[in-house]
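Colleague: I am new to this structure. Please take me through one part of it closely, and show me how that part sits among its neighbours.

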Amino acid sequence: MDPREELASHFTHYSKYGNKFPKAIEAVLSGSVKKHTFSPSGRVVLTVVGRDGEEFIDPERPFCSCDNFFFKVLGGGAELCYHLLSYKIASESKRLDTVAFSDEEYASVLSAISRDVLTSMREQRR
Ligand SMILES: [Zn+2]
């Protein structure tokens, strides 16, 4: 069985999100949903690497740094963006790509991700 179909078959309740669903499945399978953990503080930074670069997500608030979230979700036209959907699927299927760091690395990891996020924002808005 195709790994996409296999994973999608466990999450058919998310197919209501239309074309975000196959995009999210693809992102999860390619290991694009990343959980950066910092110790000993236990801080967590979540990102999803998309076609247009990396995006910060915070599923609790919820928040995503992508354009779609800003314009569609906050504008009330959509419930979530595919990055947040990718996170749901990845965490529920235990496919988060976890990377462990020490607290000393927090600033440099965060600035590296931020550079990526800002670059992708610039490219999307061009
Ligand atoms: Zn997003």
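Modeller: Start with a cut-off. A residue counts as buried if 20 or more other C-beta atoms lie within 10 Å of its own. Keep in mind that this is a predicted model. The part to look at is helix α4, residues 82-92.

Apply the cut-off to α4. Eight of its eleven residues are buried, so the helix is largely enclosed by the rest of the structure. Those buried residues are Y82, H83, L84, L85, S86, Y87, I89 and A90. What do they pack against? Their partners are α2, β1, β2, β3 and β4. That gives two neighbours to visit: a helix and a sheet.

Take the helix. α2 covers residues 20-29. The axes of α2 and α4 lie 8 Å apart, and the packing angle is about 55 degrees. Angles of 65 to 115 degrees would count as roughly perpendicular, and those under 35 as roughly parallel. The two helices are therefore oblique to each other. Their crossing is right-handed. On the α2 side, the contact is made by K20, F21, K23, A24, I25, A27 and V28. On the α4 side, Y82, L85, S86, I89 and A90 take part. By type, the residues of this contact are nine nonpolar, one polar and two charged.

Now the sheet. It is open and has five strands, in the order β4-β3-β2-β1-β5, with mixed pairing. At the edges are β4 (63-64) and β5 (97-102), each paired on one side only. α4 packs on this sheet and touches β1, β2, β3 and β4. The direction of α4 makes about 115 degrees with that of β2.

Walk through the strands, starting with β2, residues 44-50. This strand is mostly covered, with five of its seven residues buried. β2 pairs with β1 through five bridges, and the two run antiparallel. Within that pairing, V33 has V48 of β2 as its bridge partner. β1 and β2 make a hairpin with four residues between them. In its turn, G42 has a positive phi of about 80 degrees.

On to β3, residues 53-58. β2 and β3 are also joined by five bridges, in the antiparallel sense. There T47 stands opposite F56 of β3. A hairpin of two residues links β2 to β3.

Next, β1 and β5. β1 spans residues 33-39, and six bridges join it to β5. These two strands run parallel. S39 stands opposite S102 in β5. Strands of a sheet pair through backbone hydrogen bonds, either parallel or antiparallel.

Finally, look at what lies before and after α4 along the chain. Ahead of α4 comes the loop from α3 (67-73), and L74 is found there. Is L74 buried or exposed? Exposed counts as 12 or fewer C-beta atoms within 10 Å. L74 has 11 others within that distance, so it is exposed. The C-alpha atoms of L74 and F63 are 9.3 Å apart, with eleven residues of chain separation. After α4 comes K94, whose phi is positive, near 55 degrees.

To recap: α4 is largely enclosed, it meets α2 at an oblique angle, and it packs on the sheet.

Definitions and conventions
Residues numbered from 1 in each chain as written. Predicted model: local features only at pLDDT ≥ 70, side-chain atom pairs only at ≥ 80, totals over all residues. Pairing = 2+ DSSP bridges. Contact = placed C-beta atoms within 7 Å. Axes fitted to C-alpha atoms, helices over the stretch in contact; angles between N-to-C directions. Parallel < 35°, antiparallel > 145°, perpendicular 65-115°, else oblique. Left-handed = near helix turned anticlockwise from the far one by under 90°. Nonpolar A, V, L, I, M, F, W, Y, C, P; charged D, E, K, R; others polar.
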